[in-house]
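Thank you for making room for this on the agenda. I would like to walk through one structure with you, going from a helix to the aromatic rings and then to the pockets.

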Amino acid sequence: ILMREYYRNQAYGRSLALANQLPGTDGERNFYRFPLAFWTMVKQHAEERGVDPYLIIALIRQESLFDTQARSSATALGLMQLLPSTAKRIAKQLGMPPPSPETLFEPELNLTLGTQYLKDLLERYSNNWFKAIAAYNAGESAVDRWQKEIVTNHAEEFVARIPYSETRGYVKLVMRNHRIYQKLSDSAQ
């Protein structure tokens, strides 16, 4: 009951945490473990930027567990965990005023900037999701360096050879999230 109430009240992180602990079928639990939180906004921004909406929501799940007030130790903020410096750069690119750190907690602004940043990374890495996600976590300079050091055309091998264990795990989890969201979508149709 509590899990469902958290979900109904858009406390997705709390609902998700409870779903991870409770028994039940995967189908039932996955609805709460992998919510389509902020889905209308996510789909709109995905459409505008030509990015898979399930990739965006998979990334948000990993970054913030849908907590609009999320703040990392590296000072990344909001749903898509944007660094203020990255947010300012993307805002300038979009012709927007530079956002203050406090405004990055607003879902609409955070999604606007975060989805544009993800689109830019996908373009930079020739639509290679694995490299774009790695760059979202570790930065472009790290991925640019790894591209030179890890010579392979196989995405999975590239991920397996990423020297940062946190980034390696992060990419795997975002891709797992994406597969589950896609599977849930396919089964709902």
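Let me begin with helix H2, which covers residues 12-21, and in which Tyr-12, Ser-15, Leu-16 and Ala-19 are buried. These residues cover an arc of only 100° around the axis, which puts them on the same side of H2. The general background is familiar: an α-helix has 3.6 residues a turn, so residues three or four places apart point the same way. On the face of H2 that is turned away from the buried side we find the exposed residues Arg-14 and Gln-21. I should say at this point that what you are looking at is a predicted model, and that everything I report is computed from it.

Just beyond this helix, in the loop between H2 and H3, lies Leu-22, which is partly exposed, with a relative accessible area of 35%. Leu-22 and Met-3 are separated by 19 residues in sequence, while in space they are 9.3 Å apart, C-alpha to C-alpha.

Now to the aromatic rings. How many aromatic pairs does a search of the whole structure find? The search gives 10. One of these pairs brings us back to H2, since the rings of Tyr-7 and Tyr-12 have their centres 5.4 Å apart and their planes at 80°, so the pair is edge-to-face. Tyr-12 has a relative accessible area of 9%, and because the cut-off for a buried residue is under 20%, Tyr-12 counts as buried. Another edge-to-face pair is made by Trp-146 and Tyr-164, at 4.9 Å centre to centre and with 90° between the planes. Here Trp-146 belongs to helix H9, residues 140-149, and Tyr-164 to the loop between helix H10 (155-160) and H11, so the pair ties together parts that are 18 residues apart in sequence. As for accessibility, Trp-146 is buried at 0%, whereas Tyr-164 is partly exposed, with a relative accessible area of 38%.

Ring pairs also build up a cluster, in which Tyr-7, Tyr-12, Phe-31, Tyr-32, Phe-38 and Phe-66 are linked. Please keep Phe-31 in mind, as this residue will return when we come to the pockets.

Rings also take part in contacts with charges. The charged end of Arg-61 sits over the ring of Phe-34, at 4.1 Å from its centre, and Lys-131 lies over the face of Phe-158, with 5.0 Å to the ring centre.

Let me turn to the pockets, beginning with the largest, which holds about 400 Å³ of space. Its lining is made up of 19 residues, and those that lie nearest its centre are Glu-63, Ala-76, Gln-81, Tyr-136 and Asn-137. Which helices each supply at least two residues of this lining? They are H5 (53-64), H8 (129-138) and H11 (165-188), and H8 gives the most, with 4 residues. Sorted by class, the lining of the largest pocket has 10 nonpolar, 6 polar and 3 charged residues.

The second largest pocket has a volume of about 190 Å³. It is lined by 12 residues, and nearest its centre lie Phe-31, Phe-34, Leu-36, Leu-184 and Ser-185. So the aromatic cluster and this lining have Phe-31 in common, and Phe-34 is the residue whose ring carries the charged end of Arg-61. Helix H3 (26-33) and H11 each supply at least two residues of the lining of the second largest pocket, and H11 gives the most, with 5 residues. By class, this lining has 9 nonpolar and 3 polar residues, and no charged residues.

Finally, two backbone positions deserve a look. Phi of Leu-65 is near 50°, a positive value in a residue other than glycine. Leu-65 is found in the loop between H5 and helix H6 (84-93), and at 37% relative accessibility it counts as partly exposed. Asn-127 also has a positive phi, near 60°, and is likewise a residue other than glycine. Its place is in the loop between helix H7 (107-124) and H8, and at 52% relative accessibility Asn-127 counts as exposed.

Conventions. Residues numbered from 1 in each chain as written. Predicted model: local features only at pLDDT ≥ 70, side-chain atom pairs only at ≥ 80, totals over all residues. Heavy atoms only, no water. 1 Å grid on protein atoms, 1.4 Å probe; cavity = no way out; pocket = protein on both sides within 12 Å on 5 of 7 lines; lining within 4 Å. Points joined across faces, edges and corners; volume = space filled by probe spheres on them. Nonpolar A, V, L, I, M, F, W, Y, C, P; charged D, E, K, R; others polar. Phe/Tyr/Trp six-rings, centres within 6.5 Å; stacked < 30°, edge-to-face > 60°. Buried < 20%, exposed > 50% of the residue type's maximum accessible area, 1.4 Å probe, protein only. Lys NZ or Arg CZ within 6 Å of the ring centre and 35° of its normal. Arc of directions from axis to C-beta.
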